Amino acid sequence: MEKAKLIIKKMAARGLTSCKKVGNVHTLSRVILGIAIVMVLIAVGVVCFYKPAREAVFSSEVHTVVDVKSGDTLSKILGEQGFSIQDINAISKNLKKDADFVTLRAGRDKFDFVRESENAPISKIVIENGPWNKIEIDCGTPDTWQCQKIEIARDTRVAYKQGEIANGSSFYLSAMDAGIPEGIILDVYDLLAFEMDFERDIRAGQKFYVLYEENFASDKKVDNGHVLAVSFDALRGNVQMYRYVKPDGKSGYYDANGNGAIKSLKRTPINNAKITSKFSGGRKHPVLGFTRAHKGVDFRAPTGTPIPAAGSGRVIARSFNRGHGNFVKIRHNGTFETLYAHMSKFAKGVNVGTVVRQGQIIGYSGSTGLSTGPHLHYEVIKNGVHVNPMTVKLPAIDNLDATNKKMFMERKALIDSTIKSLADNPNQVVRLDGDEKIQKK
Ligand SMILES: [Zn+2]
């Protein structure tokens with residue numbers, strides 16, 4: 001009873017405009033109800049005096065929902081609801097500290113301001129911060145706004161979709177026809193970018209499939225997760241990739257044998273070859289009038305040294321010119337091309353249009369064209385611009401150690417059996433046990 005009196009005193013002292021609530025709803029309800037009963041016992045007339053409080057107890061909550069719009073900030077939204085600078089600062093501080101709150105996004109997030117009754121001050125704020133984050137902010141004793149992150153249970157299921165390139169169609173349209181969501185199609189593009197050229201390497205009849213995650217909350221689909229496996233009948237053979245998460249939480253895609261599947265370019269096509277001339281993006285000299293730029297890197301390579309393709313792709317030039325001598329140019333994906341110059345001869349079977357794998361020999365070093373001695377002049381062209389092969393940002397090639405490879409093979413077996421099961425019976429709900437719960441960025 002002493003405690004209840006103290007709380008009432010505190011409430012009276014604060015009035016309606018400062019801190020909005022004491023304790024949780026149930027404690028407050030019980031306390032006020034208890035006081036009301038005592039008052040009834042003392043004098044019926046006094047009950048009238050406490051009538052507003054009784055109304056607050058028995059009426060339902062009032063919600064004011066605010067959708068986050070472009071340009072909105074936490075301060076702006078709270079300010080519009082009448083919060084003081086001090087309260088806004090306290091809420092902002094506690095949101096970061098206790099709820100890992102980072103940022104609001106327009107069109108996605110919303111605020112729910114809760115009042116005990118129509119004219120009562122705000123006692124609780126619920127922020128829906130993305131589909132998987134809900135934060136509750138409760139008004140405590142003056143100047144304490146307790147924030148709490150509410151975990152929304154994520155039910156991750158897997159979906160399997162298969163398709164085939166239709167006559168005259170693109171991969172994108174054929175994948176849409178197969179029912180693959182757009183975001184997943186774009187992920188597949190990224191995964192296969194170094195394996196195939198989606199403009200030139202697409203043929204009718206090529207088969208593909210994707211196994212991917214779908215995230216549900218209370219049986220309602222919220223979003224898609226990761227691509228777990230992808231297969232594509234590319235021109236140079238079937239390409240398969242499996243997602244695997246290492247015990248340290250790092251994830252990657254690997255081929256059926258557990259080798260890093262994300263292909264890249266080798267900065268040094270010939271292993272251990274010594275650089276004899278560096279890349280330099282120098283501009284045209286203003287006085288002398290000639291360009292001092294060296295658009296590639298030169299590697300020491302005695303005549304006849306086999307030159308491997310730096311990455312898989314399609315040969316788009318196999319020619320001779322005065323500067324480059326015999327040269328080969330390979331288009332790797334929509335972004336990268338590489339060029340190999342001064343060759344003494346081309347490798348057999350390498351012509352314009354030939355699809356080559358990473359490491360495949362495309363020619364032999366020499367000193368043809370403008371060259372002072374046998375070497376490989378190697379260029380990397382990114383989006384039409386020559387870049388430094390030694391420093392350009394490239395996807396990392398990642399191979400698994402023995403322990404991880406063993407675990408990967410187990411994971412792969414599980415994914416393969418899941419694919420088979422879903423192909424046989426597409427309507428079943430399948431979850432992969434032990435899959436990690438890391439949120440997709
Ligand atoms: Zn050079």
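This briefing describes strand pairings and hairpins in two parts of the chain. The model is a predicted one, and the pairings below are computed from its atoms. In one part, strand β8 pairs with strand β9 in the antiparallel sense, and β9 also pairs in that sense with strand β10. In the other, strand β14 has antiparallel pairings with strand β15 and with strand β17.

**Strands β8, β9 and β10**

- Strand β8, which covers residues 220-234, and strand β9, which covers residues 237-245, are antiparallel partners over 6 bridges, and Ser231 has Gln240 in β9 as its bridge partner.
- The connection from β8 to β9 is a hairpin that passes through 2 residues.
- On β9 there is also an antiparallel pairing over 4 bridges with strand β10, residues 251-254, in which Tyr242 stands opposite Tyr254 of β10.
- Between β9 and β10 lie the 5 residues of a further hairpin, and in its turn Gly249 has a positive phi of about 95 degrees.

**Strands β14, β15 and β17**

- Strand β14, made up of residues 313-321, pairs with strand β17, made up of residues 355-356, in the antiparallel sense over 2 bridges, and Gly313 has Val356 in β17 as its bridge partner.
- With strand β15, residues 325-331, β14 forms an antiparallel pairing over 7 bridges, within which Phe320 is matched to its bridge partner Asn326 in β15.
- The link from β14 to β15 is a hairpin through 3 residues.

Technical notes. Residues are numbered from 1 along each chain as its sequence is written. This is a predicted model: local features need pLDDT of at least 70, side-chain atom pairs count only at pLDDT 80 or more; totals for chains, interfaces and linings use all residues. Two strands pair if DSSP finds at least two bridges between them.
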